[in-house]
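Me: I would like to go through this protein step by step. Please keep the answers short and explain each term as it comes up.

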Amino acid sequence: MENLCVRERPLNHPLRRCGALLLSTVLATALGGCSVKTFNDPVRTASQVLFGSGSDSPKGPTYLTGYIGNVVSDEPQSAMVARDVLARGGNAADAAAALGMTLAVTLPSRASLGGGGACLAWRPGDSGGGRAFLFLPVAGSTAPEPGGAPVDRPAAVPTLARGLYLMHLRYGSVEFGETLTPALELARGGISVSRALATDLAAVQRPLLADPGARAIFSRGDGKVLAEGDTLVQQRLTGVLEQIRSMGVGDLYNGALARSFVAGSQGAGGGLTVADLRAAVPTETDPLTVRAGQVTVGFLPPPADGGLGSAVAFRALNAGGASDRVGQSAVAAWRAQAAGVQSGAELVARAQAVVDSGAVPNGGSLPHLPASTSFAVVDRHGGAVACSLTMDNLFGIGRVAGGTGIVMGASPKRLPPPLLTAAIASEGNRFRAAVTGSGQNDAADAVAAEMKQVLGGEKPGARPVTADGRINAISCPAGLPGGEGSCAGGTDARSAGLSVGSD
């Protein structure tokens with residue numbers, strides 16, 4: 001039964017609604033059994049199959065005309081994948097899932113299958129700012145297997161695939177396996193190394209190439225890492241993606257893939273056990289919210305506490321206050337005060353109380369934080385997804401899990417957590433804006449400042465908002481649906497990202 005629960009069934013199948021909840025039992029989330037009420041029922045399956053892999057697929061893809069939505073991402077190839085999903089009739093969650101899984105191929109320095117993150121999702125009809133999906137990298141066992149390699153670089157438990165699956169289960173319109181097709185094809189056929197990936201490779205060239213597994217993937221063969229424009233083919237990762245598409249995401253957590261990943265991690269000094277993978281589950285919860293006139297802005301909640309920093313900074317900006325490092329200071333104070341709080345509901349309630357107080361907590365500054373990446377998608381109906389992903393370090397621990405081709409994330413026990421932040425603004429049943437950010441310590445303040453600007457009428461990405469913060473933003477001043485002509489996206493001019501829409 002366990003494997004059946006992780007296989008994707010059509011959403012209109014009579015077993016689908018119950019099966020979704022049985023899956024959540026396997027994931028050990030609060031969704032429980034079939035009698036438990038969920039906040040958002042899955043939407044029905046789209047009539048089309050996006051990439052023609054199903055038995056009932058059309059002879060060729062059907063592309064929409066007119067406005068299809070907007071996509072912004074730190075990595076251009078992933079943005080184009082999401083745009084293609086929207087053009088083929090997929091919704092924002094379909095496109096976001098495809099984009100996130102594609103980043104595991106095109107930007108494994110910040111978003112490999114060995115990492116994790118957090119997403120916000122909203123669609124017309126949602127109340128309370130939509131839903132938040134939290135799948136941050138978690139620490140696992142650091143005990144070596146008998147006779148195994150010493151655990152000298154503890155790895156994070158991989159949560160990316162499971163988190164994107166849960167988000168897509170609640171908001172997607174096609175089977176999750178369909179969203180894997182672009183990533184699989186890019187891994188098999190090869191990608192052109194983007195400026196974003198080339199920059200990350202150059203930053204960690206020496207330690208990365210010290211690992212034989214990483215060297216086999218990212219080396220040019222002359223002792224140097226791949227450069228911008230070089231071709232990167234990942235055959236072993238192709239096999240993993242094929243297995244996930246065939247057997248379901250659960251195989252990476254309690255099946256053959258789980259055992260392969262753990263064996264590879266143990267062999268590379270990363271530790272971890274199959275029990276760690278089974279226990280690492282994503283959660284769905286309320287976002288933090290701030291009202292700005294008739295607009296409700298939802299932010300990622302803790303433990304993705306960059307969202308808390310953004311919410312506090314955004315509220316301060318709306319009250320006429322200064323924005324300089326307000327978000328960073330709020331997160332520093334939060335991390336000092338909230339240590340030891342385990343309950344997700346308690347964390348969110350306490351964080352919302354901090355936001356509602358209107359006070360700006362003075363926690364000083366944060367230590368140098370790990371890197372992350374972010375993206376946002378809005379579809380033609382006004383549905384939106386905004387995500388922030390991380391490896392808790394560039395290329396995580398800098399090692400590959402054996403024959404899986406998966407770059408392992410770094411255990412959060414080794415480094416302070418990054419500032420994962422994203423925000424979605426809505427006005428009644430209309431989408432208004434989505435902003436995500438990276439830039440390490442500046443990420444939270446950058447998202448707050450950019451959201452303030454776009455809600456005030458400025459074009460997304462019109463100007464830098466902080467010294468180091470990098471934003472991705474989509475704005476529809478006239479609202480969506482209904483105001484398609486007003487929608488625009490933008491990325492930070494200092495980044496190597498891409499904004500694409502219907503043109």
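Me: What share of the residues in the protein is buried?
Reply: The model is predicted, so to speak, from the start: local features need pLDDT of at least 70, side-chain atom pairs count only at pLDDT 80 or more, and totals for chains, interfaces and linings use all residues. Residues are numbered from 1 along each chain as its sequence is written, and side-chain values use heavy atoms, with hydrogens and water left out. Buried means under 20% relative accessible area, exposed over 50%, and partly exposed in between, with a 1.4 Å probe and protein chains only. Of the 503 residues in the protein, the buried share is 59%.Me: How many helices and strands does the secondary structure come to?
Reply: Helices (H or I, at least four residues) and strands (E, at least two) are DSSP runs, numbered from the N terminus. Counted in this way, the protein has 19 helices and 17 strands.

Me: Among contacts between residues at least 6 apart in sequence, what percentage joins residues at least 24 apart?
Reply: Contact means heavy atoms within 4.5 Å. Among contacts between residues at least 6 apart in sequence, the part that joins residues at least 24 apart is 71%.

Me: Which strands are the edges of the open sheet of seven strands?
Reply: Two strands pair if DSSP finds at least two bridges between them. The order in this sheet is β8-β3-β2-β12-β11-β1-β17, with antiparallel pairing. The strands that pair on one side only are β8 (283-285) and β17 (498-500).

Me: By how many degrees are neighbouring strands of this sheet turned against each other on average?
Reply: Axes are lines fitted to C-alpha atoms, for helices over the stretch in contact, and angles run from 0 to 180 degrees between N-to-C directions. For neighbouring strands of the seven-stranded sheet, with direction ignored, the average turn is 10°.

Me: Which residue in β11 stands opposite V71?
Reply: Strand β1 (residues 69-73) pairs with strand β11 (residues 372-379) in the antiparallel sense, over five bridges. Opposite V71 stands V377.

Me: Which helix packs on this sheet and touches β1, β11 and β12?
Reply: The direction of this helix makes about 155° with that of β11. The helix covers residues 92-106 and is α4.

Me: How many residues of strand β2 are buried?
Reply: In a regular strand the side chains alternate between the two faces of the sheet. In β2 (residues 116-122), G116, A118, L120 and W122 point one way and G117, C119 and A121 the other way, and all are buried. Strand β2 is thus mostly covered, and its buried residues number seven of seven.

Me: Which residue of β3 is the bridge partner of A121?
Reply: Strand β2 pairs with β12 in the antiparallel sense over seven bridges, and A118 stands opposite S388 in β12. Five bridges join β2 to β3 (residues 131-135), and these two strands run antiparallel. In β3, the partner of A121 is R131.

Me: What is the strand order in the open sheet of six strands?
Reply: The pairing in this sheet is antiparallel. Its edge strands, each pairing on one side only, are β9 (288-292) and β16 (488-491). The order is β9-β10-β13-β14-β15-β16.

Me: Which residue in β14 stands opposite E427?
Reply: Strands β13 (residues 421-427) and β14 (residues 430-438) pair in the antiparallel sense over seven bridges. Opposite E427 stands R430.

Me: What angle does the direction of helix α19 make with that of β14?
Reply: Helix α19 (residues 443-455) packs on the six-stranded sheet, where it touches β10 (295-299), β13, β14 and β15 (470-480). Its direction and that of β14 make an angle of about 150°.

Me: Why is α16 called oblique to α19?
Reply: Angles under 35 degrees count as roughly parallel, over 145 as roughly antiparallel, 65 to 115 as roughly perpendicular and the rest as oblique. Helix α16 (residues 306-318) and α19 have axes 8 Å apart and pack at an angle of about 45°. That angle makes α16, relative to α19, oblique.

Me: How many charged residues does the contact of α16 with α17 have?
Reply: The axes of α16 and α17 (residues 326-337) come within 8 Å and cross at roughly 130°. Ala, Val, Leu, Ile, Met, Phe, Trp, Tyr, Cys and Pro count as nonpolar, Asp, Glu, Lys and Arg as charged, and the others, Gly among them, as polar. The contact has eight nonpolar and three polar residues, and the number of charged ones is zero: no charged residues.

Me: Which residue just after α8 takes a positive phi?
Reply: In helix α8 (residues 181-189), the buried residues are T181, P182, A183, L184, L186 and A187. They pack against α3 (76-87), α4, α7 (176-179), β6 (191-192) and α12 (235-247). Just after α8, the residue with a positive phi of about 100° is G190.
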